[in-house]
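The exercises below are meant to be worked with the sequence and the structure open side by side. Try each task before reading its solution.

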Amino acid sequence: MTHFSRAATLLIVLSSLSLYACAQDIPHLEKKDGRFALIVGGEPFLMLGAQINNSSSWPSEMPKVWPALEDMHVNTVEAPVYWETMEPQQGKFDFSNVDLLVNGAREHHLHLVLLWFGTWKNGQAHYVPEWVKTHPEKYPREVSSYGKVLDVLSPNSETNLDADKTAFSALMRHVKEIDSAQHTVIMIQVENESGSIGSVRDFSAAAQKDFNTQVPASLVNALHLSSGTWSKVFGADADERFAAYSTARYINEVARAGKAEYPLPMYCNVWITYPVAALENRDHASPGQEYPSGGPQQGNIGIWKVAAPSIDILAPDFYSNDVELYHETVAAYHRDDNALFIPETGRTANFGKYFFYALGHGAIGFSPFGVDYTGWWGTEQTVPESLSENYALVGPMDREIAKLNFEGKLQTAVEQKGATREFLHFDGVDAVVSFGFPQRDGEVPPGTADDHGRAIVAQLGPLEFLVTGFDASVSFKVTEAPGAEAKNEQLEILRADEGGYVNGIWQSSRIWNGDQTDRGLNLRGVNKSVLRVRLHMLPLYDRSVRQK
């Protein structure tokens with residue numbers, strides 16, 4: 001082999017290793033023992049996010065956005081990219097707003113999630129370009145069963161799909177060109193709350209032809225159903241399930257084309273199905289009227305997982321005060337095949353504890369909506385207090401929290417109405433979390449006036465724990481197995497260090513003792529304390545001493 005050949009071979013090997021390293025370094029999802037992590041920079045990353053308002057991704061508005069994000073203590077901003085401005089003429093792309101977002105995020109030391117407002121925005125076609133809107137004969141709309149032409153592009157049209165795919169591919173190609181080395185952009189939202197508003201499905205002639213065919217064998221087999229037409233297989237739900245398959249297939253092709261350019265993690269956010277509470281006999285929400293029909297709502301998750309494998313996460317948006325519904329929604333989307341991620345949620349104080357609940361169920365990220373100072377919420381320039389205090393507490397140790405959660409070592413306790421104490425079960429040790437103050441001897445914990453108490457407890461070693469939270473106390477006791485003989489063991493605190501993580505290294509500021517530890521570790525809201533606690537096991541009774 002000549003010197004030239006050896007040099008060429010070495011260059012090829014080095015290039016291959018470089019490409020492999022780049023592929024490994026790109027933000028991605030990992031799964032371990034049923035748990036998920038978003039990996040950024042080679043380590044688990046907890047997204048402390050905020051989504052800006054829909055019309056804020058403009059040079060005139062972004063100066064009013066960054067201060068709000070700083071006040072919110074976020075590490076990631078979610079911001080929309082508008083198809084209509086990115087491709088104002090077919091095939092001619094303007095990425096200036098994309099560059100504005102990427103460069104601004106870097107300047108403010110934030111990561112970025114781009115929201116592709118393409119075919120769908122809240123179940124309608126608001127952000128498609130004029131050259132699409134003004135030519136419905138080429139880019140067909142959905143038609144309702146009454147014959148009304150809707151402000152929704154048909155997911156059963158290949159022409160619509162090709163147009164969206166082309167634009168989205170161009171976006172991902174550009175993101176790779178400007179960001180593959182720095183990884184400012186860590187995820188992509190494909191469309192926004194997809195589905196159809198105005199009809200349960202498309203009743204156009206072309207769509208009706210598809211509806212009358214057999215359900216694809218891949219879907220029937222995956223859902224363990226018998227073969228047949230959509231009406232035969234799904235009965236009364238056939239229209240909505242057909243819409244779900246059509247929408248999921250369409251978006252999967254868009255995502256697949258984008259990933260061929262640059263394979264960042266991709267998700268779809270969900271306008272979920274909310275309970276119908278208007279009248280007693282209204283027990284079934286109406287698809288296409290009360291939520292976009294065909295999106296990845298609770299009842300459509302199975303279909304979407306089959307039809308859209310290029311979508312990594314189905315992520316519920318949540319805007320209800322109904323705590324039980326929130327728990328049900330988390331349970332629906334926290335699946336073995338789906339990482340939990342809350343990409344949109346409310347801004348009011350009661351949503352603060354939702355972050356802790358999601359974190360305790362393995363969430364990789366959380367993001368309230370509408371965080372900027374553009375005036376959409378009025379003239380007052382404030383951020384959601386309970387949410388910003390969450391981020392201020394967790395932000396300095398977000399990497400440590402993400403890693404502990406991925407390893408299954410983290411649990412949270414969240415106060416519920418009428419339940420002022422909660423037990424967290426670790427290996428041989430129970431953490432007892434009591435909400436509200438004052439906590440007097442001989443009395444049950446009082447709870448808080450609005451049930452906002454919340455705590456994080458993570459196991460760092462056999463008898464070592466990380467503890468933090470708001471308006472709660474945490475104590476520890478030996479785990480007692482039901483029906484088993486009581487153990488002759490008890491726990492005491494050897495040392496409780498208050499401090500924090502600085503560049504991944506724990507730094508202690510003081511030691512808690514006396515009143516701060518006698519009745520548990522008191523996490524009063526104003527303190528925002530983080531503690532590392534070492535426990536000691538000793539006998540409960542000295543058996544050599546006989547009771548008289």
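**Exercise 1.** In this predicted model, find the residue just after helix H15 that takes a positive phi, and then determine how well H15 itself is covered.

*Solution.* Begin at the end of the helix: just after H15, Gly-408 has a positive phi of about 75°. Next, step back into H15, which spans residues 398–406 and is mostly covered, with seven of its nine residues buried. Finally, name the buried positions, which are Asp-398, Glu-400, Ile-401, Ala-402, Leu-404, Asn-405 and Phe-406.

**Exercise 2.** Decide how the axes of helices H13 and H14 are oriented towards each other, and describe the residues through which the two helices meet.

*Solution.* First locate the helices, H13 at residues 352–360 and H14 at residues 385–394, whose axes come within 7 Å and cross at roughly 45°. An angle between 35 and 65 degrees falls outside both the roughly parallel and the roughly perpendicular classes, and H13 and H14 are therefore oblique to each other. Then list the contact: from H13 come Gly-352, Phe-355 and Phe-356, and these meet Ser-386, Leu-387, Asn-390, Tyr-391, Leu-393 and Val-394 of H14. Sorted by character, the residues of this contact comprise six nonpolar and three polar ones, with no charged residue.

**Exercise 3.** Is Glu-389 buried or exposed, and with which residues beyond its sequence neighbours is Glu-389 in contact?

*Solution.* Start with the location of Glu-389, which lies in helix H14. The relative accessible area of Glu-389 is 17%, and because the cut-off for buried is under 20%, Glu-389 counts as buried. Now leave aside the neighbours within four places in sequence, and the contacts of Glu-389 are Arg-454, Phe-470 and Lys-528. With Arg-454, the side chain of Glu-389 makes a polar contact, side chain to side chain, at 2.9 Å. As a last check on distances, Pro-368 is 21 residues from Glu-389 in sequence, and their C-alpha atoms are 13 Å apart in space.

**Exercise 4.** Work out whether the radius of gyration of the protein chain agrees or disagrees with that of a compact globule, and add what is known of its overall make-up.

*Solution.* For 548 residues, a compact globule would have a radius of gyration near 24 Å, and the 26 Å of the protein chain agrees with this. Along the principal axes, the C-alpha atoms fill a box of roughly 95 × 80 × 55 Å. The protein chain has 15 helices and 22 strands, and 52% of its 548 residues count as buried. Lastly, among contacts with a separation of 6 or more, 74% join residues 24 or more positions apart.

How values were computed: Residues are numbered from 1 along each chain as its sequence is written. This is a predicted model: local features need pLDDT of at least 70, side-chain atom pairs count only at pLDDT 80 or more; totals for chains, interfaces and linings use all residues. Side-chain values use heavy atoms; hydrogens and water are left out. Axes are lines fitted to C-alpha atoms, for helices over the stretch in contact, and angles run from 0 to 180 degrees between N-to-C directions. Helices (H or I, at least four residues) and strands (E, at least two) are DSSP runs, numbered from the N terminus. Angles under 35 degrees count as roughly parallel, over 145 as roughly antiparallel, 65 to 115 as roughly perpendicular and the rest as oblique. Contact means heavy atoms within 4.5 Å. Ala, Val, Leu, Ile, Met, Phe, Trp, Tyr, Cys and Pro count as nonpolar, Asp, Glu, Lys and Arg as charged, and the others, Gly among them, as polar. Buried means under 20% relative accessible area, exposed over 50%, partly exposed in between (1.4 Å probe, protein chains only). A polar contact is a pair of N or O atoms within 3.5 Å; within protein, one must be able to donate a hydrogen and the other to accept it, and residues adjacent in sequence count only if both atoms are side-chain atoms. The radius of gyration is taken over C-alpha atoms; the globule rule is 2.2 Å times the number of residues to the power 0.38.
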